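Reader: I would like the labels on this model justified one at a time. Please set each value against its cut-off.

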Amino acid sequence: MKRVIYLFAAAAMMIAAGACSNSASKKTAESSVSGNENSESHALLAVNGSCGMCKTRIENTAKDIAGVAVAEWNQEKQELHLHFDTGKTSLKAISEAIAKAGHDTELNKAPDDVYEALPGCCKYRN
């Protein structure tokens with residue numbers, strides 16, 4: 001729980017810092033990021049799941065991918081909040097890995113045999 005609070009606090013500080021910077025510095029930051037192979041990206045990915053075991057599986061699968069710094073799944077919203085290095089991975093690669101672990105995403109469907117092997121409490125398909 002403390003970890004989640006710290007992550008949200010860090011995200012809030014990053015948003016506040018971005019809002020305080022002027023447009024000229026934003027242009028410089030954007031151009032330096034786009035010219036850099038290793039840049040951090042933030043994304044929300046819709047991921048289906050139903051319980052705490054799903055949360056653990058989804059987050060651990062994402063965090064096991066080189067370049068993923070933050071992976072927090074919200075069960076109510078069915079969203080995975082991600083921070084990752086675009087020089088090391090992509091949203092597509094993260095989505096594919098999560099689908100292979102048994103969870104449908106907005107980009108990929110989990111293989112039926114993998115989904116069926118999930119524990120009963122993890123079944124989210126109707």
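Reader: Why is the pair D112 and K109 called a salt bridge?

Author: In this predicted model, the closest N and O atoms of D112 and K109 are 3.6 Å apart. A salt bridge requires a side-chain nitrogen of Lys or Arg within 4 Å of a carboxyl oxygen of Asp or Glu. The value 3.6 Å meets that cut-off, so the pair is called a salt bridge.

Reader: What makes K109 exposed?

Author: The relative accessible area of K109 is 57%. Exposed means over 50%, so K109 gets that label.

Reader: And why is D112 called partly exposed?

Author: D112 has a relative accessible area of 46%. Partly exposed covers the range between under 20% and over 50%, and 46% falls there, so the label follows.

Reader: Which residues are linked with D112 in a network of salt bridges?

Author: D104, K109 and R125 are linked with D112 in that network.

Reader: How do you know that K123 and E116 form a salt bridge?

Author: Their closest N and O atoms lie 3.5 Å apart. The cut-off is within 4 Å, so K123 and E116 qualify.

Reader: Are these two partners buried, partly exposed or exposed, and why?

Author: E116 has a relative accessible area of 53%, which is over 50%, so E116 is exposed. K123 stands at 28% relative accessibility, between the two cut-offs, and therefore counts as partly exposed.

Reader: What makes E59 and K55 a salt bridge?

Author: The closest N and O atoms of E59 and K55 are 2.6 Å apart. That is within 4 Å, so this pair also meets the definition.

Reader: Where do E59 and K55 lie?

Author: Both are in helix α3, residues 52-63. They are 4 residues apart, about one turn of the helix.

Reader: Why does E59 count as buried?

Author: E59 has 8% relative accessibility. Buried means under 20%, so E59 counts as buried. K55, at 29% relative accessibility, is not under that limit and not over 50%, so K55 counts as partly exposed.

Reader: How many salt bridges does the structure hold, and what percentage of the protein counts as buried?

Author: The structure holds 6 salt bridges. Of the 126 residues of the protein, 31% count as buried.

Reader: What is the order of elements from the N terminus on?

Author: The order is α-α-β-α-β-β-α-α, with 5 helices and 3 strands in the protein.

Technical notes: Residues numbered from 1 in each chain as written. Predicted model: local features only at pLDDT ≥ 70, side-chain atom pairs only at ≥ 80, totals over all residues. Heavy atoms only, no water. Helix = DSSP H or I, 4+ residues; strand = E, 2+ residues; numbered from the N terminus. Buried < 20%, exposed > 50% of the residue type's maximum accessible area, 1.4 Å probe, protein only.
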